[in-house]
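Hi,

Here's the structure I promised to pass on. Have a look at it first, then read my notes below.

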Amino acid sequence: MNKLRKIAPRLSKIKKENPFGVPNNYFDDFSARLAVKLEAEKKTLPQPKNTVIRYLKPVLGLAASFALIFMLVYWPLKSFLPQYLAESETYIESTNEDDTFLSILERLDETLFFVVLSEPVSVNETEEAGFLDDELMGYLSANISDYELYLQTEN
Amino acid sequence: METDDRQLIAELRQENTRDLAFNRLVKTYQERLYWHIRKMVLNHDDTDDILQNTFVKVWKSIGSFREESKLYTWLYRIATNETITFLNSKKRRNLLPFNDVSDYLMENLTSDPYFEGDQLQMKLQQAILRLPEKQRIVFNMKYFDDMKYEEMSHVLDTSVGALKASYHHAVKKIEEFIKNTD
């Protein structure tokens, strides 16, 4: 107070009273009016949602996004570009076959590998891979006439 | 924190005791907060609106009160922020420069039917509302409420040194205004 008197003598002479007033019974009625306002506020507050749904919401959102992407990208591709998908599926299959073959090779040790290589090719395999002479002659005589054979040899 | 406040907060956080505890909180702090707000906006009707908004905010955010400060310091802080938000909205509505709300407050003061002070007190209020916003708040809290700088520091989130400087400048400016209008 002494300090204030020293730096602000005129201010320190003014009565330090509250110059403001309030309407009669203002503070007595305040809490009742506030309760009315709070009730109104409570009605506008968002209701707490089910906890399980709240936690599952991001997961469900993610699943829905994937489903949407699938619908928008995969389904039109499948419907309008069947050839493209057929090719890509073939490629995937062949890749799988290659992978299987490589994995078998990796499992063989060196000695076993050369043993497999040196094994003679069986008769059955030759029959599967090509035609025998008798079969070829039989096919030609049944399906091609002598005249056509003559024309082929002339050319 | 005082035991009463701790008990009050515990009751406010429980669903079954919440309404009664909140009523007790309002009864305990309504006058102190009213005068804190009133000295900043001067007009009774504006003060009433801000005080109601303050308590609504307290109701909504009591769960987030971390009990690091005293309850009334937290309440003062909410009331101060609500008042500043109110004054800023007035500035925006009247397209006033960011720091200039003194004309609006001057009108509030002169048209206030509940002003009961004498001429000198009116002059003091006019001098106060010519101060920058922060100095006005600091001066009111120190001069009228006799609040400690440490408590003000928690309410206003400002260092004690800065608050002391603000109060000193405010006193000097008010003294100068009174001297010039004598």
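**What I found**

Chain A has an accessible surface of about 13,600 Å², and 62% of that belongs to carbon and sulfur atoms. Keep in mind that this is a predicted model, so treat it as such.

Let's stay with chain A for a moment. Its 155 residues include 10% that count as buried. If you trace the chain, you'll come across nine helices and zero strands, so the pattern along the sequence reads α-α-α-α-α-α-α-α-α.

Now for where chain A meets chain B. The two chains bury about 3,500 Å² between them, with 66% of it on carbon and sulfur atoms. Chain A puts 28 residues into the contact, and chain B puts in 43 residues.

What holds charges opposite each other here? There are three salt bridges between chain A and chain B. One of them pairs B:Lys60 with A:Glu41, where the closest N and O atoms are 3.1 Å apart. On top of that, 14 residue pairs are in polar contact across the interface, both residues being at pLDDT 80 or more.

Which parts of chain A touch chain B? The elements giving two or more residues to that side are α1 (2-7), α2 (9-13) and α3 (26-44) of chain A. α3(A) gives the most, with eleven residues. Sorted by type, the residues on this side of chain A come out as 16 nonpolar, three polar and nine charged.

Cheers

Definitions and conventions. Residues are numbered from 1 along each chain as its sequence is written. Chains are lettered from A and ligands numbered from 1 in the order in which they are written. This is a predicted model: local features need pLDDT of at least 70, side-chain atom pairs count only at pLDDT 80 or more; totals for chains, interfaces and linings use all residues. Side-chain values use heavy atoms; hydrogens and water are left out. Contact means heavy atoms within 4.5 Å. Buried area is the accessible area (1.4 Å probe) that two parts lose on being put together, summed over both. A salt bridge is a side-chain nitrogen of Lys or Arg within 4 Å of a carboxyl oxygen of Asp or Glu. A polar contact is a pair of N or O atoms within 3.5 Å; within protein, one must be able to donate a hydrogen and the other to accept it, and residues adjacent in sequence count only if both atoms are side-chain atoms. Helices (H or I, at least four residues) and strands (E, at least two) are DSSP runs, numbered from the N terminus. Ala, Val, Leu, Ile, Met, Phe, Trp, Tyr, Cys and Pro count as nonpolar, Asp, Glu, Lys and Arg as charged, and the others, Gly among them, as polar. Buried means under 20% relative accessible area, exposed over 50%, partly exposed in between (1.4 Å probe, protein chains only). Accessible areas come from the Shrake-Rupley method with a 1.4 Å probe; for residues, only the protein chains shown count as cover.
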